[in-house]
Amino acid sequence: MILMDKFNFNLKNKLDLAIAISGGILVMTGAFLRFFKYLFTPLALEKATLVLIPETVVFTLLLAIKIWRR
């Protein structure tokens, strides 16, 4: 609850919308890979998880910008 008190997310703001979209992509990609892990070979699954690395960096940078602007 303390985190929500510090951050006011307004989806009309472009930065907040970018954070929401980036977080959504990160969560949905992780959930997709977790749910369908038995349909892929281990090598294909390993390559698919490489998508999560830059997405995590983008999400972290956007959140850092939000905190820094505050």
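Rings of Phe, Tyr and Trp are taken as a pair if their centres lie within 6.5 Å. On that footing, the predicted model has a cluster in which ring pairs link Phe32, Phe35, Phe36 and Phe40. A search of the whole structure turns up three aromatic pairs. One of them joins Phe32 and Phe36, with 4.8 Å from centre to centre and 55° between the planes, a tilted arrangement. Phe35 and Phe36 also have ring centres 4.8 Å apart, but here the planes stand at 85°, so this pair is edge-to-face; the cut-off for that label is over 60 degrees. As for how much of these rings' residues is open to the outside, Phe32 is partly exposed at 40% relative accessible area, and Phe36 counts as partly exposed as well, at 29%. Phe35 is exposed, with a value of 64%, because the line for exposed is drawn at over 50%.

Next comes helix H2, which covers residues 14-35. With 22 residues at 1.5 Å a residue, H2 should span 32 Å, and the 31 Å between its end C-alpha atoms agrees with that. Its buried residues are Leu15, Asp16, Ile19, Ser22, Gly23, Leu26, Thr29 and Leu33. These cover an arc of only 170° around the axis, which puts them on the same side of H2. Turned away from that buried side is a face carrying the exposed residues Lys14, Met28 and Phe35. Phe35 thus shows up both on this face of H2 and in the ring cluster.

Ile21 is another residue of H2, and it is partly exposed, with a relative accessible area of 49%. That figure falls short of the exposed class, because exposed means over 50%. Ile21 also helps make a nonpolar surface patch of about 360 Å², together with Leu11, Leu17 and Ile25.

Helix H4 takes in residues 52-69. Its 18 residues should span 26 Å at 1.5 Å a residue, and the end C-alpha atoms are indeed 26 Å apart, in agreement. The buried residues here are Glu55, Leu62 and Lys66. Seen down the axis of H4, they fall within an arc of 45°, so they line one face of the helix. The face turned away from the buried side of H4 carries Ile53, Leu61 and Trp68, which are exposed.

So much for the helices one at a time; contacts between them follow. Side chains of opposite charge can pair when their charged atoms come close. The count of salt bridges in the model comes to one. This salt bridge is formed by Lys66 and Asp16, whose closest N and O atoms are 2.9 Å apart. Lys66 belongs to H4 and Asp16 to H2, so the pair ties together parts that are 50 residues apart in sequence. Both partners are buried: Lys66 is, and so is Asp16. Each also appears among the buried residues of its helix, Asp16 in H2 and Lys66 in H4.

Some C-alpha distances add to the picture. Ile65, found in H4, has its C-alpha atom 8.6 Å from that of Leu15, although the two are 50 residues apart along the chain. Leu15 is one of the buried residues of H2, whereas Ile65 counts as partly exposed, at 35% relative accessibility. Val57, also in H4, has its C-alpha atom 10.0 Å from that of Ser22, and these residues are 35 apart along the chain. Ser22 is again among the buried residues of H2, while Val57 is partly exposed, with a relative accessible area of 45%.

Conventions:
Residues numbered from 1 in each chain as written. Predicted model: local features only at pLDDT ≥ 70, side-chain atom pairs only at ≥ 80, totals over all residues. Heavy atoms only, no water. Helix = DSSP H or I, 4+ residues; strand = E, 2+ residues; numbered from the N terminus. Buried < 20%, exposed > 50% of the residue type's maximum accessible area, 1.4 Å probe, protein only. Patch = residues over 30% accessible without salt bridge, like charges linked within 9 Å, V, L, I, M, F, W, Y side chains within 5 Å. Areas by Shrake-Rupley, 256 points an atom, 1.4 Å probe, with all protein chains shown as cover. Salt bridge = Lys/Arg side-chain N within 4 Å of Asp/Glu carboxyl O. Phe/Tyr/Trp six-rings, centres within 6.5 Å; stacked < 30°, edge-to-face > 60°. Expected span 1.5 Å × (residues − 1). Arc of directions from axis to C-beta.
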